Amino acid sequence: MKQLLQGLKYIFLLAAAFLTLVPVLYVFFYSFKSNQELITGGSLFPKVWTWSNYSEVWQKLDFSLYFYNSVIFAVVSSGMSVVMGAMAGYVFARTQFPGKRLLSMLIIGVMFVSLGPMTLYPKFKLAVDWGLTDSIYTIPLVALYGLGASVFLYEGFVKSLGQDMDEAGIMDGAGYFTRFFRLTLPLMAPITATFFLLEFIAEWNNYILPLVMSIGNPDTKTLTVGVVELRNTGTGAAAWNLLLAGSMISVIPVLTVFLVLNRQIVGGLAQGAVKG
Amino acid sequence: MSKLAAESELAVPSLNPGNRRSFKRFLRKYGPAYLMLLLPVCFFTVFSLYPIGWALKYVFYYYDGVRPERFTGLANLHRLMEDQIYWSSLWKQGLFSLKIFIELPLAFVLALFLYSHLRGRNIFRAMFVMPYILPGSTMALVMYILLNPYNGGLNQLLLKLHLIDQPIQFLSGGWTAFASGMVMDAWQNFGINMLFFLVGLTSIPKDVYESADMDGATGWKRMRYISIPMMGRILQMILFLSILGTLKSMGPFLVLTNGGPNNATELTFLYIFHQFFGGDAGSNYGYGATVAVVTALMLVVISMGYFRLTKKMDYHE
């Protein structure tokens, strides 16, 4: 009886896992098919592995540029949000400065109502007016809308470190910044790594903001934008093999990161539950 | 601190040295903290507070980006009252959030299975979380291809198995398109909820179960009287995040259907997006701001109501 139950459990889990994987397996195997084979159908596995799909998308359809843009966008915006979160979180944990209550209320309030599409247009207009949309290096600045959860995450972490080290630092004459950069920041390395990782994935996957910011400047498109737009161009609509290869290119990096670092990522996501 | 403030207030009229000294003391005490907050707060003000202020202002204006803005009072709100597409989009947004009934039970059952000692549980766990970290827009595009009637994978498979005679037009029918989006969204998000449930289950101390075992509570009873109540706080959070998350998302529909066919999948948030970036020349951004602000207010009311309702679920505090 118990073994039967265990068996049923496994069958259920395996079925769920299979259904979870289907779309990913589909895009993986089908991206290697020729357009001809895609139309006629056939089994999951390609008859002939058409590697040229990838080289065509990469070279002729500018996906190398989009890839570069995606990397810049994700690295800069997640890096900045980590730095800002760490700095603000440290101040929140260590100093009872006047205005703290007001600021934290504002942050929580904005977290509550921060509605993507609602604030997108004013941000877009501001970015255009200030010339931020001209280059992929400045677009990530617009992605940084807030302090949000990162401040409270870091505040909690710094508080959990205790005051001892800061007090010792003060005795040795270390100033505020020294205490932050030399004493606290190194201790924050593990939490920062996890946070950066999650933030990087989120920004790599970001679609709407890069979509809007690249209006009028195709050179700043990221992969997520480029691949969806491919559908609306003459080449892409007719050539699904290219569409699928492009999709795969935008999926591979996050998938690789996830396969290599899945312990940290799953752990970090689970921690989010505890903190929330 | 209040002493300090009072002192400086008294000293304002005659700029005496005492005032300057207290200001210096204030700077020495808080200066570095403010300096460190400067950059984050600047970004917060420019990219968070300013856009909200912008939206609040333009509720009362007509503005199309070309001609000069003009004050129109409550005209935008009047237009909203009569906007059939908006009100039906709200209904669709609510309907869309019903996908948590696919997502959460599945997540809970999987979490229960993975909570027990099981070979390969880490692999299963990673597999279920995986869709969550994939780019949603790209996966929506893949789904669009998969569901295509002519050479999409699903129709090819169903035809081959002789389950259907003709390809199904998933994305051209209103209901099928809507349901496809719900399933896809559930596919992306069940894993993270499973993980949250798993955290909740692990947070229950083992000895509670042991004493329950002694009292002979097993199976369903164990779950009903221990697991679910002890998970109160995390359960509340999962429900809140899922409900609010779906109420303020446009799902995969921007890429999957772009609101079509015939507005069948035009959720409120997609509608707001289309007000600003719909591609129509001369659209009134003031109206877009009105739609956004009214929707935001509704969401604030819903979340406050939710917290009031669920106060009693909080067993731990």
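**Helices across two chains**

User: Does H1(A) pass H6(B) in a left-handed or a right-handed crossing?

Analyst: H1(A) passes H6(B) in a left-handed crossing, where the near helix is turned anticlockwise from the far one by less than a right angle (clockwise would be right-handed). This is a predicted model, so local features need pLDDT of at least 70 and side-chain atom pairs 80 or more, while totals for chains, interfaces and linings use all residues. Residues are numbered from 1 along each chain as its sequence is written, with chains lettered from A and ligands numbered from 1 in the order written.

User: Where are those two helices, and at what angle do they pack?

Analyst: H1 covers residues 2-30 of chain A and H6 covers residues 121-133 of chain B. Their axes are 9 Å apart, at an angle of about 35 degrees. Axes are lines fitted to C-alpha atoms over the stretch in contact, and angles run from 0 to 180 degrees between N-to-C directions. Helices are DSSP runs (H or I, at least four residues; strands are E, at least two), numbered from the N terminus.

User: Which residues meet there?

Analyst: From H1(A) come Leu13(A), Ala17(A), Thr20(A) and Leu21(A). Across from them in H6(B) are Phe124(B), Met127(B), Phe128(B), Met130(B) and Pro131(B). Contact here is C-beta atoms, placed from the backbone, within 7 Å.

User: And how many residues does each chain put into the whole contact?

Analyst: Chain A puts in 66 and chain B 62. On the chain A side, helix H15 (residues 240-275) gives the most, with 15 residues.

User: New topic. What are the ends of residues 66-93 of chain A doing?

Analyst: Their end C-alpha atoms lie 40 Å apart, and the span is 100% helix and 0% strand. Residues 12-32 of chain A are 90% helix and 0% strand, with end C-alpha atoms 31 Å apart.

User: Is H7 of chain B mostly covered or mostly uncovered?

Analyst: Mostly covered: eleven of the eleven residues in H7(B), residues 136-146, are buried. Among them are Gly136(B), Met139(B), Tyr144(B) and Leu146(B). Buried is 20 or more other C-beta atoms within 10 Å of the residue's own, exposed is 12 or fewer, and partly exposed is in between, with C-beta atoms placed from the backbone.

User: Why does Ile243(B) count as partly exposed?

Analyst: Because Ile243(B) has 16 C-beta neighbours inside 10 Å. This residue lies in helix H12 (residues 232-247) of chain B.

User: What does Ile243(B) touch?

Analyst: Leaving out residues up to four places away in sequence, Ile243(B) touches Ser97(B) and Ile100(B). The C-alpha atoms of Ile243(B) and Ser303(B) are separated by 9.3 Å, although the two are 60 residues apart along the chain.

Key: Two residues are in contact if their C-beta atoms, placed from the backbone, lie within 7 Å.
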